Amino acid sequence: MINLQSVRKVFQTKDGEVKAVDTVDLNIKQGEIYGIIGYSGAGKSTLIRILNMLERPTSGTVTIGGKNMSELSPKKLREARQEISMIFQHFNLLWSRTVRENIAFPLEIAGYPKAKIKQRVDELIDLVGLEGRGGSYPSQLSGGQKQRVGIARALANEPKVLLCDEATSALDPKTTDSILDLLVEINQKLDLTIVLITHEMHVIRKICHRVAVMEQGRVVEEGDVLNVFKNPTEPITKDFVKQVTEPEETVDTIKQFISEFPEGRIVQLTFIGGRAGQPLITELIRKYEVDVNILQGKITQTQNGPYGTLFIQIKGTESALARAMEFLNSVQVEVEVIHNA
Amino acid sequence: MLSTWFPNVQWDVLLEATKETLYMSAISVVITFFLGLALGLALFLTSPGNLWGNKFLNSVIAIIVNVFRSIPFIILIILLIPFTRLIVGTMLGAEAALPALIVGAAPFYARMVEIALREINKGVIEAAKSMGATNAQIIFKVLIPESTPALVSGITVTAIALVSYTAMAGVVGAGGLGNLAYMEGYQRDNADVTLISTALILVIVFVIQWIGDRITTSLDKR
């Protein structure tokens, strides 16, 4: 659906050249939710704007639905943009228009007749759950409602691709989740390809099928969300994965525990996919003469399946410990001994 | 009673002068609005990084606007005499004041239009572009509607400036309340005529300000 080949974007500044996007290749499939994560300044905003040519790439090709975006005439580009919608961090609604008029805006641009616009706006208001708010002005809405208007507006022209520019970064966690649920819903209902950029791993984890990690203009790691969670290779990816699997207090808790109870072995188990549901600990205690103390655990749902981490303390004789470790390594669970290896 | 307080005021003349002032102000405000809006849009759109970003064109328009905005109005009237004669055919009467009024006020309003347009959230323009809007659609569906409160408060300020310009134009033969205050009031030493002319100009200004404020408030949905 979307194909990027050796895309580069170089900005000329007073301090010389800045490579905002540096030789990026991407392949995004029809119907996929594709996440691009990176810290601010990583080039992800520029990259997403290259997809609809709000920024022109310095070199490389961008193909969407078989069209080479950088070679389209201005008229053809405007037509192509009606099929590639965008939603924004700060919503970018027209304050002078009501909710209905905001949603009607892209339809006016596309030249729909009035009666058709009214009917389509009604459908969209239902779809995003804004019944009864059609006559309100954006200033009278909450952040989440504003983003719903943004989404309705973006879907008005029945696009094939939806670009989300930090669409939840200005929202509180609860509202973020409701907007993410809405994105999954429209992805499934409309078979819409969604490309989103974010700095929150939570967003990637919750709705994305595949993820690309960006650092200094480059894509440093890419793959299925679950695989990236399982085997993050780059340090930056490990940092992002920790955002959701290992909240900061975990590290403190474990450190504190080790200093108070230095005996035994502290092990971090990582469960991927179906393994997260397996009664592993029961088996461990029954079969081997070890005591198991659960310190902290967490299961995280991704679009490709669950992902869990568990911190346990194992106590027992040396030989029992050795056999227990052997067992843990034999089942398909990632094992990392973090104390008394 | 009026004739005891204002013995030298000829009411029919005063009424005629008020009509002339209103006529000059109204026509010049309308033309200034459209001319200033066009100039302001041109200033904004040709500025670097904008829809028609063009450094050369931008500086040419900016220079024209700055020059005409900087010339004191009373001198502008004199400088424009040949131009006025050419298009109006005379230097006397309300019509003859119009070219100078418009040339003086339009660049002033153009700057206010430009400031109003700069205040628009850039993201909204980007959103319109991302929907495939043409430049004309961006101008008429985004730029102008999103800046209406500032455009209206700007034309209110400009209209008030124009009323005071008409008084100055009056002194050099355009008629109106300014002419009355100067010729009948000051020159003939009739203080009551000057006073009542001033009072009427103040009323006109207050009414314009009140209407402008009301419209600005009702348009602003932010």
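The following conversation works through the helices, domains and chain contact of a predicted model.

User: What makes helix α3 of chain A roughly parallel to helix α5 of chain A?

Analyst: The axes of α3(A), residues 99-109, and α5(A), residues 143-155, cross at roughly 30° and come within 7 Å. Angles under 35 degrees count as roughly parallel, and α3(A) is therefore roughly parallel to α5(A). The crossing of these two helices, α3(A) and α5(A), is right-handed.

User: Which residues of α3(A) and α5(A) meet, and how do they divide by class?

Analyst: From α3(A) come Val99(A), Asn102(A), Ile103(A), Phe105(A) and Pro106(A), and they meet Val149(A), Ala152(A) and Arg153(A) of α5(A). The residues of this contact between α3(A) and α5(A) divide into 6 nonpolar, 1 polar and 1 charged. Arg counts as charged, and Arg153(A) is one of the residues that α5(A) brings to the contact.

User: How do you know that domain 1 of chain A and domain 2 of chain A touch?

Analyst: Chain A is divided into domain 1, covering 2-244, and domain 2, covering 247-339, and the C-alpha centres of the two domains lie 38 Å apart. Residues count as being in contact if their C-beta atoms lie within 7 Å, and 11 residues of domain 1 of chain A are in contact with 8 residues of domain 2 of chain A.

User: Which helices supply the side of domain 1 of chain A that touches domain 2 of chain A?

Analyst: Helices α7 (201-207) and α8 (225-230) of chain A each supply at least two residues of that side of domain 1. The largest share, 4 residues, comes from α8(A). By class, the residues of the side of domain 1 of chain A that touches domain 2 of chain A divide into 7 nonpolar, 1 polar and 3 charged.

User: What is the pattern of chain B along the sequence?

Analyst: Chain B has 11 helices and 0 strands, and its pattern, read along the sequence, is α-α-α-α-α-α-α-α-α-α-α. Taken along the principal axes, the C-alpha atoms of chain B fill a box of roughly 70 × 40 × 25 Å.

User: Which residues of chain B does UniProt list under "transmembrane region"?

Analyst: The unreviewed UniProt entry lists residues 22-44, 56-81, 87-110, 150-173 and 193-212 of chain B under that name. In the model, the span of residues 22-44 of chain B is 100% helix and 0% strand, with its end C-alpha atoms 31 Å apart. For residues 150-173 of chain B the span is likewise 100% helix and 0% strand, and the end C-alpha atoms lie 34 Å apart. The UniProt annotation "domain: ABC transmembrane type-1", also from an unreviewed entry, covers residues 18-212 of chain B. Over residues 18-212 of chain B the chain is 86% helix and 0% strand, while the end C-alpha atoms are 20 Å apart.

User: Why are α2(B) and α6(B) called oblique to each other?

Analyst: The axes of α2(B), residues 11-46, and α6(B), residues 94-118, come within 6 Å and cross at roughly 40°. Angles under 35 degrees count as roughly parallel, and 65 to 115 as roughly perpendicular. An angle of roughly 40° belongs to neither range, and α2(B) and α6(B) are therefore oblique to each other. Their crossing, that of α2(B) and α6(B), is right-handed, and by class the contact of α2(B) with α6(B) has 22 nonpolar, 4 polar and 3 charged residues.

User: What makes α5(B) oblique to α6(B)?

Analyst: Here the axes of helix α5 (residues 81-88) of chain B and α6(B) cross at roughly 125° and come within 9 Å. The range 65 to 115 counts as roughly perpendicular, and angles over 145 count as roughly antiparallel. Roughly 125° lies outside both, which makes α5(B) oblique to α6(B). The crossing of α5(B) and α6(B) is right-handed. Phe83(B), Thr84(B), Ile87(B) and Val88(B) of α5(B) make the contact together with Glu95(B), Ala96(B), Pro99(B) and Ala100(B) of α6(B), and these residues divide into 6 nonpolar, 1 polar and 1 charged.

User: How many residues does each chain give to the contact of chain B with chain A?

Analyst: The contact takes 19 residues from chain B and 18 residues from chain A. On the side of chain B that touches chain A, α7 (122-130) and α8 (135-146) of chain B each supply at least two residues, and α7(B) gives the most, with 6 residues. By class, that side of chain B has 6 nonpolar, 7 polar and 6 charged residues.

Terms used:
Residues are numbered from 1 along each chain as its sequence is written. Chains are lettered from A and ligands numbered from 1 in the order in which they are written. This is a predicted model: local features need pLDDT of at least 70, side-chain atom pairs count only at pLDDT 80 or more; totals for chains, interfaces and linings use all residues. Axes are lines fitted to C-alpha atoms, for helices over the stretch in contact, and angles run from 0 to 180 degrees between N-to-C directions. A crossing is left-handed if the near helix is turned anticlockwise from the far one by less than a right angle, and right-handed if clockwise. Two residues are in contact if their C-beta atoms, placed from the backbone, lie within 7 Å. Domain bounds come from an automatic or database domain assignment. UniProt positions are given in the numbering used here, feature names are shortened, and annotations may be inferred rather than shown by experiment.
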